[in-house]
Amino acid sequence: MIDAGKLQEYVKKDFGKGPGQFGTTHVINSHVINVSHARIHSMTRRSSEDETRRKLRHLKEWYLTNQIDFFSGNGAEIRELGCTNIEFSVADMIGVYAPHNDAIVITAWIGMFRVHRILVDTGSSVSVLFSGAYSFMNLPHDLIEEDENTIIGFSGEVTNAIGKVKIPITVVDKYVLGNFLLLDCRAPYNAIVGRDWLHEIDAVTSSYHQCLKFLVPEGVVKVKSDQMAAHKCHKSAMDEYKKSEVSRNQIIRVEHK
């Protein structure tokens with residue numbers, strides 16, 4: 001594109017004398033890109049949506065072909081008794097559809113509810129609970145505390161939280177009092193757990209192996225990601241929630257302790 005003359009506004013025309021100049025008459029004829037913040041799209045939006053649907057279809061077919069009980073395996077909590085170190089190996093790839101680019105989506109107890117579609121986001125400094133899931137819990141309104149902090153997204157957009165709530169979040173034997181910011185917006189996820197929760201339980205994640213692990217007195221606990229849910233959440237986001245596959249009975253399954 002530079003050689004074709006299509007980026008002339010970014011090409012430095014006069015280099016002057018300096019390290020790039022040989023003698024006084026032979027100047028290196030090179031092109032320099034000073035800055036370019038153009039957004040790069042590797043495929044059109046329609047192509048991206050078609051690719052997501054294709055991967056979801058292949059994922060379902062792969063589990064059927066390999067006779068893997070997807071619903072009992074994904075989101076499972078597996079104890080690796082006697083282990084003292086957190087390690088990821090080829091064995092962790094059993095039951096994982098690859099190649100993939102999926103996020104880690106887990107199921108956990110939030111309060112007295114078994115909540116599905118929880119995004120584990122190592123890039124988030126806070127944990128978030130979306131208002132749809134919170135209202136379905138029918139928790140007292142006075143649990144919500146004021147919070148003046150704003151949430152800044154990847155592209156700089158600012159979102160104000162309704163408030164914050166402190167609700168226990170439990171995975172196997174790890175019980176911590178989670179600090180959730182309440183957001184009133186549509187999302188394919190019910191909650192997002194960030195670095196605050198991961199650090200609290202000393203968890204290590206591997207999106208490639210589609211799981212997270214942490215230590216307990218008996219050994220290592222492995223929490224598998226729900227790869228199908230990750231695909232469905234991605235598809236819902238790509239559809240801009242017009243045809244969201246999230247329904248009330250999928251959001252939370254009430255399982256009292």
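What follows is a walk through a predicted model of one protein chain, going from the overall make-up to a four-stranded sheet, the loops around that sheet, and another set of paired strands.

To start with the broad picture, the chain has 257 residues, and 39% of them are buried. Its secondary structure adds up to six helices and 15 strands. Contacts often reach a long way along the sequence: taking those between residues at least 6 apart, 67% link residues at least 24 apart. The accessible surface is about 15900 Å², and carbon and sulfur atoms account for 52% of that. As for cross-links, a search of the whole structure turns up zero disulfides. Two cysteines can be placed by their accessibility: Cys83 is partly exposed at 30%, and Cys185 is partly exposed at 36%.

Now for the sheet. It is an open sheet of four strands, in the order S3-S14-S13-S12, and the pairing is antiparallel. The edges are taken by strand S3 (77-81) and strand S12 (204-206), each of which has a partner on one side only. On average, neighbouring strands in this sheet are turned by 25° against each other, ignoring direction.

Strand S14, at residues 219-224, is a good place to look more carefully. Five bridges tie S14 to S3 in the antiparallel sense, and one of the pairs puts Glu80 across from Val220. With strand S13, at residues 211-216, S14 shares six bridges, again antiparallel. Here Phe214 has Val221 of S14 as its bridge partner. S13 and S14 also make up a hairpin, with two residues between the strands. How many of the six residues of S14 are buried? Six of the six are, so S14 is largely enclosed by the rest of the structure.

The loops that lead into and out of these strands hold some details of their own. Asp92 sits in the loop between S3 and strand S4 (104-110). Is Asp92 buried or exposed? Its relative accessible area is 4%, under the 20% cut-off, so Asp92 counts as buried. The side chain of Asp92 makes a polar contact of 3.1 Å with the side chain of Lys213. Setting aside neighbours within four places in sequence, Asp92 touches Glu80, Glu87, His209, Lys213 and Lys222. Some of these names tie the loop back to the sheet: Glu80 is the residue paired with Val220 of S14, and Lys213 is the one in polar contact with Asp92.

The loop between S3 and S4 also holds Pro99. The peptide bond between Ala98 and Pro99 is cis, with omega at about 0°.

Two other loop residues stand out for their backbone angles. Asp202 is found in the loop between helix H4 (195-200) and S12. Its phi is near 60°, a positive value in a residue that is not glycine. Gln210, in the loop between S12 and S13, likewise isn't a glycine and has a positive phi, of about 55°. What about their surroundings? Asp202 has a relative accessibility of 52%, and a residue over 50% is exposed, so Asp202 falls in that class. Gln210 is buried, with a relative accessible area of 2%.

Elsewhere in the chain, strand S10 (residues 174-183) has partners of both kinds. With strand S6 (residues 127-130), S10 runs parallel, and four bridges join the two. Val128 is matched with Leu181 of S10 in this pairing. With strand S9 (residues 163-171), on the other hand, S10 pairs in the antiparallel sense over nine bridges. Val165 stands opposite Phe180 of S10 there. S9 and S10 form a hairpin too, with two residues between them. One of the turn residues, Val172, has a positive phi of about 55°.

Technical notes: Residues numbered from 1 in each chain as written. Predicted model: local features only at pLDDT ≥ 70, side-chain atom pairs only at ≥ 80, totals over all residues. Heavy atoms only, no water. Buried < 20%, exposed > 50% of the residue type's maximum accessible area, 1.4 Å probe, protein only. Contact = heavy atoms within 4.5 Å. Areas by Shrake-Rupley, 256 points an atom, 1.4 Å probe, with all protein chains shown as cover. Pairing = 2+ DSSP bridges. Axes fitted to C-alpha atoms, helices over the stretch in contact; angles between N-to-C directions. Disulfide = S-S within 2.5 Å. Polar contact = N/O pair within 3.5 Å; in protein donor to acceptor, adjacent residues only side chain to side chain.
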